[in-house]
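Please read these notes with the sequence and the model open side by side. They are numbered so that each point can be checked on its own.

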Amino acid sequence: MKLRPVVDAARVRPSAPGRTTVVVGARHPDQLLYRRELREWSAGRDLGVSITVDVAGPDWDGDVGVVTRLVPGAVADPHRTVALVCGPEPMMRFTALALLDVGVDPSDIYVSLERNMMCGVAQCGHCQLGPAFVCREGPVLDWATAAPLLEVRER
């Protein structure tokens, strides 16, 4: 979970209770990362935590379904929401669309693009998406910038 430092920072400097929400999804319960931290975050009052898996195992008693189902419940005020999204590109696309559907501005949705980075200095072209080089411009871009770039198929 690349956003763990952001969550840790939110816990150190908490806003009003429930104003920071962490939404986590995995395909199967055994693929959930940072289980101890998720339990700690869920037990505290400084964060809202929602966890889902696509397919439940026999020991799973939590939510089942794709992570985008949790988006409407995670957004209290779309005009005061900033969303940070990381994960597989299809999930980020659908999550961004779900955030747009509840009224979050595209410039307040950030996605992490790490497609095909090699040299890291915009010379090899492996991370080029249209006119952008992810290693130079990104890898974190707002959705308004990232959406058209993600239309470029990965090589």
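1. Start with proline 72, which is found in helix H3. The model is a predicted one. Proline 72 has a relative accessible area of 47%, and because buried means under 20% and exposed over 50%, proline 72 counts as partly exposed. In sequence, proline 72 and alanine 98 are 26 residues apart, while their C-alpha atoms lie 7.6 Å from each other in space.

2. Alanine 98 leads to helix H4, where it is one of the buried residues. The others named there are Glu89, Met92, Thr95, Ala96 and Leu99. What do the buried residues of H4 pack against? Their partners are helix H3 (71-74), strand E4 (83-85), strand E5 (109-112) and helix H6 (143-149).

3. The length of H4 can be checked by simple arithmetic. Helix H4 covers residues 89-101, which makes 13 residues, and at 1.5 Å a residue it should span 18 Å. The C-alpha atoms at its ends are 18 Å apart, so the model agrees with the expected span. After H4 comes glycine 103, with a positive phi near 100°.

4. Strand E5, one of the partners of H4, holds serine 112. Is serine 112 buried or exposed? With a relative accessible area of 13%, serine 112 falls under the 20% limit and is therefore buried. Setting aside neighbours within four places in sequence, serine 112 is in contact with Lys2, Val85, Cys86, Met92, Pro139 and Val140. Among these contacts, Met92 is also a buried residue of H4.

5. Next, look at the largest pocket. About 1600 Å³ of space lies in it. The pocket is lined by 44 residues, and the closest to its centre are Leu3, Val23, Val24, Leu84 and Val85. Helix H1 (4-12), strand E1 (21-26), H3, E4 and H4 each give two or more residues to the lining. Which element gives the largest share of the lining? That is E1, with 6 residues. By type, the lining of the largest pocket divides into 27 nonpolar, 11 polar and 6 charged residues.

6. The salt bridges deserve a separate look; the count comes to 6. In one of them arginine 4 pairs with glutamate 37, with the closest N and O atoms 3.1 Å apart. This pair links distant parts of the chain, since arginine 4 sits in helix H1 and glutamate 37 in helix H2 (residues 35-43), 33 residues apart. Arginine 4 is partly exposed, at a relative accessible area of 26%. Glutamate 37, at 13% relative accessibility, counts as buried.

7. Two further salt bridges involve arginine 36. One joins the side chains of arginine 36 and glutamate 37, at 3.4 Å from N to O. The other is with glutamate 40, where the closest N and O atoms are 2.8 Å apart. Why are glutamate 40 and arginine 36 separated by about one helical turn? Both belong to helix H2 and they are 4 residues apart. An α-helix has 3.6 residues a turn, so residues three or four places apart point the same way. Glutamate 40 is partly exposed, with 34% relative accessibility. Through shared partners, salt bridges join Arg4, Arg36, Glu37 and Glu40 into one network.

8. Last, check the backbone at two residues. Most residues other than glycine have a negative phi. Tyrosine 34 is not a glycine, yet its phi is positive, about 55°. Tyrosine 34 lies in the loop between E1 and H2, and its relative accessible area of 31% makes it partly exposed. Alanine 122 also has a positive phi, near 60°. The loop between E5 and strand E6 (128-129) is where alanine 122 is placed. At 13% relative accessibility, alanine 122 counts as buried.

Key:
Residues are numbered from 1 along each chain as its sequence is written. This is a predicted model: local features need pLDDT of at least 70, side-chain atom pairs count only at pLDDT 80 or more; totals for chains, interfaces and linings use all residues. Side-chain values use heavy atoms; hydrogens and water are left out. The expected span of a helix is 1.5 Å times one less than its number of residues. Buried means under 20% relative accessible area, exposed over 50%, partly exposed in between (1.4 Å probe, protein chains only). Contact means heavy atoms within 4.5 Å. On a 1 Å grid over the protein atoms alone, a cavity is a set of points where a 1.4 Å probe fits but cannot get out, and a pocket is an open set with protein on both sides within 12 Å along at least five of seven lines; lining residues have an atom within 4 Å of a point. Grid points are joined across faces, edges and corners, and a volume is the space filled by probe spheres set on the points. Ala, Val, Leu, Ile, Met, Phe, Trp, Tyr, Cys and Pro count as nonpolar, Asp, Glu, Lys and Arg as charged, and the others, Gly among them, as polar. A salt bridge is a side-chain nitrogen of Lys or Arg within 4 Å of a carboxyl oxygen of Asp or Glu.
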